[in-house]
Amino acid sequence: MTGQVTGRPRPQFRERHFDYAMRPSEYPQLLSIAAGQRLTVPFTFDTDAPFILRSRAMRVPYAVECMVNGPDPIRTMDLQHLRLRFSDATTEFKAQDTIRQLSQMAYFGNWGLPLPVYPGIFFPAGSTMQVDLYNDGTEPITNLTLYWRGVKLFPWGQRFDFTYPPKFATLPYSYTIATPTQANPTGGLLNLPASATLTNQVFQLQDDADFVIRSGQAGIPSGAVFEIFFQFYDSDKYPYSNYPIHADVLFGNQTQENIFEYDGSGEAAAPYLGGPLNPGLFYPEIYLPKSHLMYYDVVRSDGSISCASTVTYPLLLTGAKVFPQ
Amino acid sequence: LTATRTHSLYRPQFPYSSIPDCREEQFHYFYDSTNVAALGTSIAAGASLLNIPLPLQPDAAFLWRGFKAGSSGLSIRLKDPYGNYLSPCPVPIELYGDTPNDSSGNSGGFCVPWGQGIYCPPGGNVFVDFYNPTSGALTPTAITLQGMKRFMLREPVCK
């Protein structure tokens with residue numbers, strides 16, 4: 001199909017996708033929230049650009065047991081009793097009390113389904129958000145990570161301003177994260193061990209057309225990979241997140257087993273809302289010229305799972321090829 | 001940034017109006033082993049089944065805007081009627097076109113929508129490749145192409 005860009009005043013700033021992870025490794029208060037405990041944790045945003053909060057998610061690590069058929073995630077109620085509220089940069093909270101997050105979002109924003117924050121909340125560069133947490137359950141919540149997703153704002157020209165040519169045609173297209181070869185016919189992350197940190201991996205476009213990344217899907221149907229994180233960078237190594245982001249938050253995978261019990265009955269609905277129909281979105285889309293490259297880091301930390309194995313991990317970046325006309 | 005009439009840069013999908021002198025109607029193409037014999041072929045572990053034609057009807061152009069395939073463990077690669085592949089290699093169906101809760105063929109679930117879609121000429125063919133990355137033989141599942149048929153109301157030819 002074809003399109004043509006028409007003139008319209010551009011906005012004051014260029015938006016750029018960015019995710020903040022608030023991890024227990026940097027915020028030790030999140031390592032364990034005792035039953036009945038209330039606490040306030042301040043979170044400071046980067047100083048290089050303002051941020052607009054557009055959505056959010058949260059997770060705790062998988063607990064995995066080794067079964068006859070391989071690793072199997074254990075259902076959890078850890079997050080069921082998490083209550084939370086957060087403030088803007090002026091410490092004005094957006095709720096009068098902490099809210100049970102179970103009632104706020106599907107799967108706690110995992111599988112590419114973050115809870116939208118609309119209208120977006122503006123945070124000046126280097127500003128601080130206050131996060132109130134309350135565990136109203138009888139068990140501790142351990143190793144909690146909160147994800148704040150949105151856009152950074154840059155003056156035009158400060159970052160890459162790649163965009164559509166004046167007139168173009170598009171072709172729906174899905175890139176694999178690695179270039180397919182005879183040894184790697186499906187273009188996945190080949191031979192990814194249970195414990196790995198791969199930095200400066202290259203994702204490069206073909207030379208026939210520009211590509212616009214709009215969404216992603218990742219994961220193995222058998223659910224054999226659990227703690228896996230990605231951090232993407234522009235070609236000048238400027239990141240799209242402050243730390244590596246878990247694949248369940250970034251991408252979604254409808255065949256991953258849902259571990260979040262919803263009523264304590266031991267039942268956990270399959271994540272039927274996720275999947276290629278509702279993939280994890282990049283907003284705004286990331287426009288790359290032909291032959292251009294991005295970098296990414298991969299961290300897999302399944303080393304503590306005795307039955308975790310080396311796998312080829314698939315990741316699709318989906319959008320459209322753009323052909324100038 | 002905006003684009004003219006028939007192009008939308010962002011979702012929601014399918015917000016397109018017909019172009020002048022044309023009428024567009026929703027249309028689905030469904031393929032399984034009953035109408036494309038190759039889709040009933042067992043694919044051995046590590047083997048591929050390439051260039052299976054999925055014929056389109058000759059009465060009208062098809063604006064291909066969505067896709068759906070049942071979960072099977074196979075990897076899939078599509079090719080439009082002009083010979084353009086839609087991925088660099090076969091990719092897992094579960095990540096590409098298997099719709100939520102659709103674990104038994106094509107029951108339930110919406111399609112996986114695509115941006116602007118692909119204009120397919122009347123009587124063209126879409127092609128599909130399968131690759132079996134597993135250790136056992138697998139058989140392809142049904143495939144659905146979703147979109148619109150574009151009928152001409154009068155000359156000149158719509159495109």
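These are my notebook entries on chains A and B of a predicted model.

**Entry: chain A overall**

I started with the secondary structure of chain A. I found one helix and 23 strands. Next I looked up burial. Of the 325 residues of chain A, 56% count as buried. The exposed surface of chain A comes to about 13200 Å². Carbon and sulfur atoms supply 52% of that surface. I then took the contacts in chain A between residues at least 6 apart in sequence, and 83% of them join residues at least 24 apart.

**Entry: nonpolar cores**

I asked which residues touch the most other members of the largest nonpolar core. They are A:Phe230, A:Phe232, A:Tyr313, B:Trp64 and B:Phe130, out of 70 residues in that core. I noted that this list holds residues from chain A and from chain B.

I followed up A:Tyr313. Leaving aside neighbours within four places in sequence, I found A:Tyr313 in contact with residues including A:Gly188, A:Leu189 and A:Leu192. A:Phe230 is also among the contacts of A:Tyr313, and so are A:Ile228 and A:Ala247.

I also logged a second, separate core of 31 residues. A:Tyr27, A:Phe51, A:Leu115 and A:Met129 are among its members.

**Entry: the β6–β7 hairpin of chain A**

I looked at strand β6, residues 64–67, and strand β7, residues 70–73, of chain A. They pair in the antiparallel sense over four bridges. Two residues make the hairpin connection from β6(A) to β7(A). I checked one position: A:Glu65 has A:Asp72 in β7(A) as its bridge partner.

**Entry: cysteines**

How many disulfides are there over all chains? I count one. It joins A:Cys66 and A:Cys307, with the sulfur atoms 2.1 Å apart. A:Cys66 sits in strand β6 of chain A, and A:Cys307 in the loop between β21 (293–301) and β22 (311–313) of chain A. The two are 241 residues apart. The torsion about their S-S bond is about -90°, so I recorded the disulfide as left-handed.

Are these two cysteines buried or exposed? A:Cys66 counts as partly exposed at 36% relative accessibility, and A:Cys307 counts as partly exposed at 24%.

I also checked cysteines in chain B. Why is B:Cys120 not bonded to B:Cys111? The closest cysteine sulfur to that of B:Cys120 is in B:Cys111, and at 14 Å it is too far for a bond. B:Cys120 is buried, with a relative accessible area of 0%. B:Cys89 counts as buried too, at 2% relative accessibility.

**Entry: salt bridges**

I count 21 salt bridges over all chains. I looked up three pairs and a network.

A:Glu227 bridges to A:Arg59, with the closest N and O atoms 3.0 Å apart. A:Glu227 is in the loop between β17 (210–218) and β18 (228–233) of chain A, and A:Arg59 is in strand β5. They are 168 residues apart. Both are buried.

In chain B, B:Glu24 bridges to B:Arg150 at 2.7 Å between the closest N and O atoms. This pair links strand β2 to strand β9 of chain B, 126 residues apart. B:Glu24 counts as buried at 12% relative accessibility. B:Arg150 counts as buried at 6%.

B:Asp59 bridges to B:Lys149, the closest N and O atoms being 2.8 Å apart. B:Asp59 lies in the loop between β3 (48–55) and β4 (61–69) of chain B and B:Lys149 in strand β9, so the pair ties together parts 90 residues apart in sequence. B:Asp59 is partly exposed at 47% relative accessibility, whereas B:Lys149 is buried at 2%.

Last, I noted the network. Shared salt-bridge partners join A:Arg16, A:Arg159, A:Asp234 and A:Asp236.

How values were computed
Residues are numbered from 1 along each chain as its sequence is written. Chains are lettered from A and ligands numbered from 1 in the order in which they are written. This is a predicted model: local features need pLDDT of at least 70, side-chain atom pairs count only at pLDDT 80 or more; totals for chains, interfaces and linings use all residues. Side-chain values use heavy atoms; hydrogens and water are left out. A nonpolar core is a set of buried Ala, Val, Leu, Ile, Met, Phe, Trp, Tyr and Cys residues joined through side-chain atoms within 4.5 Å. Buried means under 20% relative accessible area, exposed over 50%, partly exposed in between (1.4 Å probe, protein chains only). Contact means heavy atoms within 4.5 Å. Accessible areas come from the Shrake-Rupley method with a 1.4 Å probe; for residues, only the protein chains shown count as cover. Two strands pair if DSSP finds at least two bridges between them. A disulfide is a pair of cysteine sulfur atoms within 2.5 Å. A salt bridge is a side-chain nitrogen of Lys or Arg within 4 Å of a carboxyl oxygen of Asp or Glu.
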